[in-house]
Amino acid sequence: MSISVKNISFAYGSHEVLHDISFDVPDGTLVNVLGPNGVGKSTLFRCILGLNAGYTGTIEVNGKDIRRLSIRERAREISYIPQTHAPVYDYEVLDVVLMATGADLKMLCDPGRSQRNRAHEALERVGIEDFAHRMYTRLSGGEQQLVLVARALAQNANTIIMDEPTSALDYGNTMRVLSCVRQLAREGLSIMQSTHNPDHAFLYSDKTLVIKDGCVDAYGPPYDVITSELISGLYSLDVEVNSLYGDKVRVCVPVKEIADDRTETGKDGIDAIS
């Protein structure tokens, strides 16, 4: 197992945020984490990364207890892409990726050949090798996010945690980033990413972890887990899950927006798009 979480609970002071959470992430699996704001998704990620040390229970990454690992050892096992990233200096893209390949900043002045090769390979793997000598701050939001994915790859960890990686991206860049992430999972990496869009879980994830009130509400393949009842209860909104293209795709639609007095629907309640 890439990640094994057993009976994790965590509190900020007297306020318990996570309660008795357990799940496993197999190797080569993309897990989408769903849940409304404030239920503990980011806190769970920080526990897995070893940034929140005050939890009870056990977290293992690639068979190693995260508590027993040094910062350097953790970096060999797991990499992290935060929700937001605001660079202070205008580094070249290659330098941003190189930051993941060494233990200190000296390697930016004189990085070794193996480090440079690793950085270039990571950029090529996500399809942005041509960006190597462009300035990071002058890229679009989607391009910057792909650079961060490349940086995580250059770290050479087999497990990646991504906290709402597409929250600020437009539709096109969102699809590009998620498609890239899915391909990396197919190549053997294990990835956990949080999202507020259940349709992303249908399109891209192998498993969906649903967090509600600090507990695991459901965990499994998205087609088994994501139902109208679950999404309606999770977000306090009347939602209908519809099937498209012979059930190759499913989408969540607010019932209020597809009421009979507002829309003429076709067969099985699905609008025909021409």
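Helix 6 (residues 141-154) is a good place to start: its 14 residues reach 20 Å from the first C-alpha to the last, close to the 20 Å expected at 1.5 Å a residue. That expected span is 1.5 Å times one less than the number of residues in the helix. Helices here are DSSP runs of H or I with at least four residues, strands are runs of E with at least two, and both are numbered from the N terminus.

Before going further, a word on the model. This is a predicted model, in which local features need pLDDT of at least 70 and side-chain atom pairs count only at pLDDT 80 or more, while totals for chains, interfaces and linings use all residues. Residues are numbered from 1 along each chain as its sequence is written, and side-chain values use heavy atoms, with hydrogens and water left out.

**The chain as a whole**

The chain holds 10 helices and 12 strands. Of its 274 residues, 46% are buried, where buried means under 20% relative accessible area, exposed means over 50%, and partly exposed lies in between (1.4 Å probe, protein chains only). The accessible surface comes to about 14,000 Å², and carbon and sulfur atoms account for 47% of that. These areas come from the Shrake-Rupley method with a 1.4 Å probe, and for residues only the protein chains shown count as cover. Taking contacts (heavy atoms within 4.5 Å) between residues at least 6 apart in sequence, 62% join residues at least 24 apart.

**Helix 6 and its surroundings**

Back to helix 6: 12 of its 14 residues are buried, so the helix is largely enclosed by the rest of the structure. Among those buried residues are Gly-142, Gln-144, Gln-145, Arg-151 and Ala-154. Their cover includes strand 6 (78-81), helix 3 (93-98), helix 5, strand 7 (159-162) and helix 7 (171-186). After helix 6 comes Asn-156, which has a positive phi near 70°.

One of the residues in helix 5 (residues 113-125) is Ala-119. With 0% relative accessibility, Ala-119 counts as buried. Setting aside neighbours within four places in sequence, Ala-119 contacts Leu-94, Val-97, Leu-98 and Ala-154. Its C-alpha is 7.6 Å from that of Thr-101, a residue 18 places away along the chain.

**Two nonpolar cores**

In soluble globular proteins, nonpolar side chains tend to be buried together. A nonpolar core is a set of buried Ala, Val, Leu, Ile, Met, Phe, Trp, Tyr and Cys residues joined through side-chain atoms within 4.5 Å. The largest one here has 38 residues, and the members that touch the most others are Val-97, Leu-123, Val-147, Ile-160 and Ile-191. Helix 3, helix 5, helix 6, strand 7 and helix 7 each supply at least two residues of this core. Helix 6 gives the most to this core, with 8 residues. Beyond four places in sequence, Leu-123 contacts Val-93, Leu-94, Val-97, Ile-128, Glu-129, Ala-132 and Ala-150. A second, separate core of 27 residues includes Leu-18, Leu-44, Leu-69 and Met-192.

**The first hairpin and Asn-52**

Strand 1 (residues 3-12) and strand 2 (residues 15-25) run antiparallel and are joined by 7 bridges; strands count as paired if DSSP finds at least two bridges between them. Phe-10 has Leu-18 of strand 2 as its bridge partner. The hairpin has 2 residues between its strands, and Gly-13 takes a positive phi near 65° there.

Phe-10 and Tyr-12 also meet Asn-52, which sits in the loop between helix 1 (41-48) and strand 4 (56-61). Asn-52 is buried, with a relative accessible area of 7%. Its other contacts, leaving aside neighbours within four places in sequence, are Thr-43, Arg-46 and Cys-47.

**Aromatic pairs**

The whole structure contains 3 aromatic pairs. Rings of Phe, Tyr and Trp (its six-membered ring) pair if their centres lie within 6.5 Å; planes under 30 degrees apart count as stacked, over 60 as edge-to-face and the rest as tilted. Two of the pairs are set out here.

| Pair | Centre to centre | Between planes | Type |
|---|---|---|---|
| Phe-10 and Tyr-12 | 4.9 Å | 85° | edge-to-face |
| Phe-202 and Tyr-223 | 5.4 Å | 90° | edge-to-face |

Phe-202 lies in helix 8 (residues 198-204) and Tyr-223 in helix 9 (residues 222-225), so this pair ties together parts that are 21 residues apart in sequence. Phe-202 is buried at 8% relative accessibility, whereas Tyr-223 is partly exposed at 26%. As for the hairpin pair, Phe-10 is buried at 8% and Tyr-12 is partly exposed at 43%.
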